[in-house]
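Here's a quick walk through one protein model for someone meeting it for the first time. Take a look at the sequence and structure, then read on.

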Amino acid sequence: MSVKANVFAVVLLLSLPVARQAAAQVRLPRLVSDGMVLQRDADVAVWGWARPGEAVTVAFLGKTHKATTGPDGRWRVQLPRLKAGGPFEMNIKASNQVAVKDIMVGDVWLCSGQSNMETPMSRLRDKYPDVIAQAANPGIRQYEVPLTYNFQRPQQDVTGGKWIAADPQTVLKFSAVAYFFAKEINAKYQVPVGIIKDAVGGSPAEAWLSADGLKQFPTYEQQLAKFKDSTVVLGIRQREGAAVANWYQTLYKTDQGEARGQQKWSAPDYDASSWPTMPVPGFWADKTPLGPVNGVVWFRKDVDVPAAMVGQPARLEMGTLVDADSTYINGQLVGSTGYQYPPRKYDVKPGVLKAGKNVVTVRLISNGGRGGFTMGKKYELTAAGQTIDLRGPWQYKLGATMPPTPGTTTFQYTPGGLFNGMIAPVLPYAIKGVLWYQGESNAGRTGDYQALFDGMIVDWRKQFKQPNLPFLYAQLPNFMMARKEPSESGWAVVRDVQRRGLALPHTGMAVILDVGEWNDIHPLDKQTPGHRLALAAQKVAYGDAKVVSPGPLYQSMQVAGNKATLSFTSTGSGLMAKGGEPLKGFAIAGPDKKFVWAQARIEGNKVVVWSDQVPNPTVVRYAWADNPEGVNLYNKEGLPASTFTTEPEVPGATSRL
């Protein structure tokens, strides 16, 4: 869901005709390169470009395969089904010769979606230091597809990237969910695993549909149509870019804390004794008379540092800040971040801290909303094994008041653009299946998400020419503040759409209602989603019928009197209430659809639900909230039950294909 402020993706101009580009020599797509992982036991294509009519030979594993380029300069050969192993070398020869080295054969997974799939291991180095330190494994490799969109037509090649094998340094760039998944698959099946990381933060589902897949969505087709003219796109980018640049220029000119000719507010000896205080963490709209002001607010805190911490490298953790910060210690800039989502973990060099009084200063920009310090996060200074808690009163002062930052068009979210730029070039590459983690960006407008979600699965299978392509996905986790009473929830709707997506064959789902963070859309636990996706893969893609995945899934309801009895599939060796009875998270309603919390108990592999307030129940919901805090229906294998409603259709969502 993360969207970096002021990032404008490059609009790619159409390249010269491939035949003209490659008239002199054979050329390979970037995916077909050193270190690649080829799919075992599948129809594997190797393709590329050369002079029209040129003969091309591909030598691999003792066999030679021949092709002749067509009028468009393209050639393609089909390899026989390969067995796992490696490393191998491939030689391609035409008017020139190209060698592709260090090739492994194993299982290749396309890992796509938005920022929770994109989140790299580097973000988690504090949570998983041992995993990172032990990451040396040439049998796990990743290719990261660069952010690219195209509104005119599908691209023939990705714009960059290379295959990298996992080690303690390179793994920091791996998708964390995908790495944990690959680690389990590699260990269980003893085959190389290739990850194609093909994800974009904040991307909605419609951006990943092909032109063919978009045909059932006229509104999205119209959105795409207006950007097919590259001059229109360029004009919008220039106008919006100029407006944003002017906003920041005005901000810096009017910020009293940066004013010329006076002492800067970040200076350690600046006299801030007259500044009022605000409790941190918190948001100044709630904690101060400033209200929901946008612009710059400066914060300062005096910190007493013991001598033992001086002369040592230190770490300053400032939770997450809304929206952009520049953070100083004793007048020295120690870190800055341009948007709200990344955790602020700033390394402080030896010599910055001094014994006694130190001043921590934060220049905090609010672009449009509620600026401040996110609740429930760490705010601390650590060095030499000692930690200073930075929560509590901070002095503050308004530096500049501004209107909200001018809006910008996030072109990479335009329907079809990411498919053309990032999926289309991958289509000829043989894959084992898809891992998908997305839905946050569609949770605020769920009306068409069921058609989008089901439609995308069908679309990708058609585009990859694999009607049984395994499609495994992470259900949305818990997020945001818990509510005391039953209520409607866009996140619950998305989860229920995802649950119903299991009706499509060869699909699997990881339920992760127990790994989210109420105050962070990017929860740090990426090992659990990776593990549960690996369970789904074992069952769906590898055919292990003994594997239990996912947790309990609602199947049917029977009503007798004021009690509703629910049946489930995927119960494993039995249902249980994690942490003990009573069951939590069930809501019930009668014909008036007014939901109240219900009592519930497990009876065998069924759950009986009732409330004395609802004499004639018609609908039961479970975990129907953005953050269904405390829900505890699991199977005995330790997998949580999915969000569900017993209603035939998802509330507010169109029916599936």
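## Around helix α10

Among the elements covering the buried residues of α10 are α9, β25 (471-474), β26 (507-510), β27 and β36 (644-645). Here buried means under 20% relative accessible area, with exposed over 50% and partly exposed in between (1.4 Å probe, protein chains only). Helices (H or I, at least four residues) and strands (E, at least two) are DSSP runs, numbered from the N terminus.

This is a predicted model, where local features need pLDDT of at least 70, side-chain atom pairs count only at pLDDT 80 or more, and totals for chains, interfaces and linings use all residues. Residues are numbered from 1 along each chain as its sequence is written, and side-chain values use heavy atoms, leaving out hydrogens and water.

Helix α10 spans residues 490-500, and 10 of its 11 residues are buried. Among them are Trp491, Arg495 and Asp496.

Helix α9 (residues 449-463) also gives 7 residues to the largest nonpolar core, the most of any contributor. Such a core is a set of buried Ala, Val, Leu, Ile, Met, Phe, Trp, Tyr and Cys residues joined through side-chain atoms within 4.5 Å. The core has 112 residues, and Trp460 is one of those touching the most other members.

As for β27, here's how the strands pair up, which takes at least two DSSP bridges between them:

| Strands | Bridges | Direction |
|---|---|---|
| β27 (residues 553-560) and β28 (residues 563-569) | 7 bridges | antiparallel |
| β28 and β33 (residues 606-610) | 5 bridges | antiparallel |

β27 and β28 form a hairpin with 2 residues between them, and glycine 561 in the turn has a positive phi of about 65°.

Terms used
Contact means heavy atoms within 4.5 Å.
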